[in-house]
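Visitor: I would like to go through the helix packing and the empty space in this model, with reasons for each term used.

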Amino acid sequence: MKKWMMLSLTAVFAAGALILSGCGKNDGKKRVLRMAVETSFPPYVSVKNGEVTGIDVDIAREIAQNIGCELEIVVMKFDSVILSVEKGKCDIAASGITVTEARKEQIAFSEPYRKGSQVVVVPQDSAIANADALKDANIRIGVKQGTSGDAFVSKNLHEPERFENAELAVAALAAGTLDAVVYDGDPVKELLAEYNGKLKILPGALTEEEYAFGLNKNDAGLLRQFNAEVEKLKRSGRLQEIIGKHISR
């Protein structure tokens, strides 16, 4: 009986050590960190010249290198990004993931690396002057499905029209089939550049949010390493360098 208990305890501790190990395996091989992303979220994640790039990609790649891991980018729909980490199919969730209480039930969050906000986009000649006007149930509001903007509009305004990505929502706004779009500030500014002043962002923000990387709750070692590296990037100024490479303001 004692021998069986010792073997069982050894197995438990071994499993725990594996979960808490983070990167750097004993056999000398680098751990490959799979990062789930959705690529329609510039400047955080997008595709340029056939390559997945952006703030999140650069930060994660640098952190992975610093802790002795390799980074593999796994592209999927936004609805699947967090779920893939929760289920252990990927190690990291990215694409400007906003920290919310609901998401904390699914995954662990790294230290935040940038503040964000939800803003309102309307046509340049729109009669909508402020966010209060959106409470009118006749106002057609577009959102990207599964985002914090979707959650905000659904809870505080009224049922929105949901789109697979923000490009489709903004295109519908420009075409006149929507009255407003609610989306993250930085990415929507990137999108509006393509419309030559036909669309505008209303003054003020609907929310104040924080972006962070999502990790599996059971991988405490990787979370600890990730947080330490985010803090190093902040202290050294390297984080702002990475952000400044993609956002010139």
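Visitor: Which residues in H2 meet which residues in H8?

Guide: This is a predicted model. On the H2 side the residues are Ile59, Glu62, Ile63 and Asn66, and they meet Phe226, Glu229, Val230 and Leu233 in H8. By class, that contact has five nonpolar, one polar and two charged residues.

Visitor: What makes Asn66 polar and Glu62 charged here?

Guide: Asp, Glu, Lys and Arg count as charged. Asn is in neither that list nor the nonpolar one, so Asn66 counts as polar.

Visitor: Why are H2 and H8 called roughly perpendicular?

Guide: Helix H2 covers residues 55-66 and helix H8 covers residues 220-236; they pack at an angle of about 115°, with their axes 10 Å apart. Angles of 65 to 115 degrees count as roughly perpendicular, and therefore H2 and H8 get that description. The crossing of H2 and H8 is right-handed.

Visitor: What is the angle between H2 and H9, and which residues make the contact?

Guide: H2 and helix H9, residues 238-246, pack at about 145°, and their axes are 9 Å apart. The contact is made by Ile55, Asp58, Ile59 and Glu62 of H2 with Arg238, Leu239, Ile242, Ile243, Lys245 and His246 of H9. Those residues divide into five nonpolar, one polar and four charged. The crossing of H2 and H9 is right-handed.

Visitor: Why is H6 called oblique to H7?

Guide: The axes of helix H6 (residues 166-175) and helix H7 (residues 185-192) cross at roughly 55° and come within 11 Å. Roughly parallel needs an angle under 35 degrees, and roughly perpendicular begins at 65. The value of roughly 55° fits neither class, so H6 is oblique to H7. H6 contributes Ala166, Glu167 and Val170 to the contact, and H7 contributes Val188, Leu191 and Leu192. This contact has five nonpolar, no polar and one charged residue. H6 passes H7 in a right-handed crossing.

Visitor: How do you know that there is a cavity, and how many of 30 Å³ or more does the structure hold?

Guide: Rolling a probe the size of a water molecule over the atoms shows where empty space is left. A cavity is where a 1.4 Å probe fits but cannot get out. The structure holds one cavity of 30 Å³ or more, and the largest cavity has a volume of about 50 Å³.

Visitor: Which residues line the largest cavity?

Guide: The lining consists of Phe41, Phe78, Ser95, Gly96, Thr98, Arg103, Thr147, Ser148 and Asp184. By class these are two nonpolar, five polar and two charged.

Conventions. Residues are numbered from 1 along each chain as its sequence is written. This is a predicted model: local features need pLDDT of at least 70, side-chain atom pairs count only at pLDDT 80 or more; totals for chains, interfaces and linings use all residues. Side-chain values use heavy atoms; hydrogens and water are left out. Axes are lines fitted to C-alpha atoms, for helices over the stretch in contact, and angles run from 0 to 180 degrees between N-to-C directions. Helices (H or I, at least four residues) and strands (E, at least two) are DSSP runs, numbered from the N terminus. Angles under 35 degrees count as roughly parallel, over 145 as roughly antiparallel, 65 to 115 as roughly perpendicular and the rest as oblique. A crossing is left-handed if the near helix is turned anticlockwise from the far one by less than a right angle, and right-handed if clockwise. Contact means heavy atoms within 4.5 Å. On a 1 Å grid over the protein atoms alone, a cavity is a set of points where a 1.4 Å probe fits but cannot get out, and a pocket is an open set with protein on both sides within 12 Å along at least five of seven lines; lining residues have an atom within 4 Å of a point. Grid points are joined across faces, edges and corners, and a volume is the space filled by probe spheres set on the points.
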